[in-house]
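Please open the structure in a viewer and keep the selection tool at hand. The tour begins where two chains meet and then moves to a group of strands.

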Amino acid sequence: MVVFNEKELMAKEKMNTPSFVKTIWREIRNDKMALGSLILLTLILLAAYLSPLFIDQTALTRVNFFNNWKPPSADNWLGTDDGGRDVLGQLLLGTRNSFTIGLSVTLIAGVFGLTVGLIAGFYGGIVDNIIMRIIDFLMVLPSLMIIIIFVVSVPKYTIFGFILIVSAFAWFGKARLIRSRALAERELDYINASKTLGTPSWKIMFFELFPNLSSLVIVNMTLTLAGNIGLETGLTFLGFGLPAGTPSLGTLISYARNPDIVQNKWWVWLPAALLILVMMLCINYVGQAVKRASDARQRLA
Amino acid sequence: MLKFILRRTLIMIPQLLVLSLIIFLLAKAMPGDAVTSSFMSNPNVTPEQMEKMREKLGLNDSWYVQYGHWVGNAVQGDFGQSFTHKQPVTSLLAGRVGNTLLLSTGILIVTYIIAIPLGIIAGRWTDSWADKLIVTYNYFAFATPLFVFSLLMLFLFSFILGWTPIGGSVDIRIETGSFDYIVSKVKHLILPVMSGALLATFGTIQYLRNDIIDTKLKDFVKTARAKGVPESKVYTRHILRNSLLPIAAFLGYEITGLIAGSIFLEMIFSYPGLGQLFIQSVMGRDFTVVTALVMISGTAAIVGTMLSDIILSIVDPRIRID
Amino acid sequence: MSLLKVNKLKVHYPIRGGFLRRVVDQVRAVDGVSFELEPGETYGLVGESGCGKTTTGRAIIGLNKATEGEMLFEGNDLAKLRGSDRRQHTKDIQMIFQDPYSSLNVRKNVLNIISEPLRNFERMSPGEELKRVQTLIERVGLNPESIYKYPHQFSGGQRQRIGIARALTLNPKLIIADEPVSALDVSVQAQVLNFMQEIQKEFNLTYLFISHDLGIIQHMCDRIGIMYKGRFVEEGTAADVYNNPQHLYTKRLIAAIPEMNPEKRFEKTHLRQSINEAYRTDYDSYFDKDGRMFDLKRVSDTHSVALQ
């Protein structure tokens, strides 16, 4: 038998088959807008997540009525709110909270939607039929209204509770998408081969089928991440989002429900609104690049 | 065909039943009940009096008896009494539903007025500067959250430029029914409708552009060109006929989105419609109104989707799988 | 004792219709098929596309459910076994798939593809596993260094060899080869077929060889079953079927093989015309009133034909 260095070989073959991450990076590098979006997004998130290092959190929540509604100044770059709290600090903290929650919702809904979609697509037939009937129904529900009712009826309302409620209404589309691709994929012989080799169904679903759908999942997750952040901030804006005391970008924007603040104290809400807009655009631009990368990969395979 | 329509219609029945059950149970799960919310502001009512009231209203019956009553009444158009407004829910809704319908139809019409030409232009002249511009706009429409966009519109046009009224559905000082009244209504509608429509164009533009690009390359279009049909006729007779028909069918699918949108738009533009009423009722714990609103919205969405499915199956026979 | 005895196997698919989607009729993909495989032989299933040959193979390995009938593998009925009992026979029966492109998962390297059955059935250390895969991959004629490559880096013939190596991993007794070379270039077909014959002796394999190509079947098989519309038309040794076809359908099939010798071409054309003539006149004595085949009848020790 030939003696050879297997580690070296393995590395060599990995090089020959560019990973999805590499294809994405190549796509982004060649698209100035996407590259700019990625850099900007990274900067925003770095500032938001590193903010606790240089911002005193307790000072941020301390109410000081002598200092309220101060327009931007050297002390408070973006002014202060009704309780005299620094808007910039809340903006950073809010970005961090909103992004974390959007990401959690995307991941939880993603895992659940993926599992349901894989099950429906892999088994097909009656299982698929029942699951799809249920999803069809769930998709027409006025989910925003129901989420709001849930939020007011949950007794011990926490951030985690909020994440679960929103996730519960965010997985339908994903399940449907995964299911339709899985249905096509399961007709291919490598799935039949795995069955004849005695591989258990759950292993086939997650270790054979799933890797072939992974780029689809990644594309969908990046695109829905933006939507989920929008949903959280929107709900918080309406007053049915994060529990009081947890600032979100939506909290700052919700000051704008008062016309006086919209017009005369714009520094409280406008930066948050613009920041959301910028973040959404950036995430979507990166998401589009990821989508193109996955399409390009499809053409190669 | 008839079989498909019948089966599709029958699916609606269990859907409506499950919807009503979910809403009923949700309402039960909400803190407090009709009695506590109606006497919330009155400290003189004793617990015994409240208990008597509950007995009288049937709130101590088992949940399925209550559910039966609720569904039975709802089918006859009776959703009970609103506790904060002290009037029947049905008449409360009747006063508001016109505004929301006006807003939603406005959004739909403007959406199509913007989206159809843009979609056709982008699809016909792919990769031209106009196409690139439209694709960029569409990308913004997809990425921008409605409430942020509406706020910025409100800030810009009402507060900075002062072109449009700040809120409401009509100037109350104007006499009802006069010409000025209609003008005032339209003025109040412009901004919310534009805010909603400018973002809602996304789906239609994308669909039209992709579909036209696909159809352009089909053999039957090539045949038409080869026969010498002029380019403009190729589009009007052959491509657009295929691409535009399904758009009419998508109308019903839009309802779910319109309901969510109207909540944000009515809150931001203080527009007195059902969406605003919903938020006010949730805050005021006025459950009869809340359940009625969700039930009506859900029913509208279910019926709309059914109609869309049926129209689509008539327009595109490939969908009619049975 | 025979290795596999298939007895009156039926695979039916319901056709649903009407308002309530009741079963209104059945598609009889396989409609009462019986045959036996002796250890070490190659049995060929031939027929036009849609005749049920692939469905038969897939029912035996468990990819389709048998509606009725028995499939006795070493005396155990595969149709009735469930769960872990059925799983035991997974090791003994393996399959080679038609399309070497879709039958290998493009996201896995060769090592992971071939060791998949090992991980399901045997507890091996990664070292042992690697050694086993290398031995197999060498045996099927591929470079042992290629075990970290991905499927897209191989040619069709090489991919089919990987598929064969995967089927051999568990030391099966029976291999169902479903059109194993029809997706390959003609030049590569012979290589793969000869290789399959080599390993048959070496691993003491029994083949159920499914194909529509009469030439390949003649080259590979000891005994042959001809199928039409889910039923057997004729069964016998290769010599029986090719030299002495009894059923009209078989005669038409054999007559359709292109003649290489130009001098005999005219003769062949005549033969075809006379068979076609017979087909028109004697149709009723070969098919029953529903156009179905009759049950098989023995005409010699090895040869059976579906006649009235």
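Select chain C and chain A together; in this predicted model, 11 residue pairs, both at pLDDT 80 or more, are in polar contact between them. On the side of chain C that touches chain A, the elements giving two or more residues are α1 (53–61), α2 (83–90), β6 (93–96), α3 (110–121) and α4 (126–139) of chain C. By class, that side of chain C has 13 nonpolar, 10 polar and 11 charged residues.

Next, select Lys108(C) and Glu208(A). These two residues form a salt bridge, with 2.5 Å between the closest N and O atoms. The count of salt bridges between chain C and chain A is one.

Now display the whole contact, to which chain C gives 34 residues and chain A gives 28 residues. The two chains bury about 2700 Å² between them, with 56% of it on carbon and sulfur atoms. Highlight Arg107(C), Glu145(C) and Tyr148(C), which supply 24% of the area that chain C buries against chain A, more than any other three residues.

Leave the interface and select strand β10 (residues 231–237) of chain C. Is this strand largely enclosed or open? Six of its seven residues are buried, so β10(C) is largely enclosed by the rest of the structure.

Add strand β9 (residues 223–228) of chain C, which pairs with β10(C) in the antiparallel sense over six bridges. The hairpin of these strands has two residues between them, and there Lys229(C) takes a positive phi near 50 degrees.

Finally, add strand β12 (residues 304–306) of chain C, joined to β10(C) by two bridges and running antiparallel to it. Center the view on Glu235(C) in β10(C): Gly225(C) stands opposite this residue, as does Ser304(C) in β12(C).

Terms used. Residues numbered from 1 in each chain as written. Chains lettered and ligands numbered in written order. Predicted model: local features only at pLDDT ≥ 70, side-chain atom pairs only at ≥ 80, totals over all residues. Heavy atoms only, no water. Buried < 20%, exposed > 50% of the residue type's maximum accessible area, 1.4 Å probe, protein only. Helix = DSSP H or I, 4+ residues; strand = E, 2+ residues; numbered from the N terminus. Pairing = 2+ DSSP bridges. Contact = heavy atoms within 4.5 Å. Buried area = accessible area lost by both parts, 1.4 Å probe. Salt bridge = Lys/Arg side-chain N within 4 Å of Asp/Glu carboxyl O. Polar contact = N/O pair within 3.5 Å; in protein donor to acceptor, adjacent residues only side chain to side chain. Nonpolar A, V, L, I, M, F, W, Y, C, P; charged D, E, K, R; others polar.
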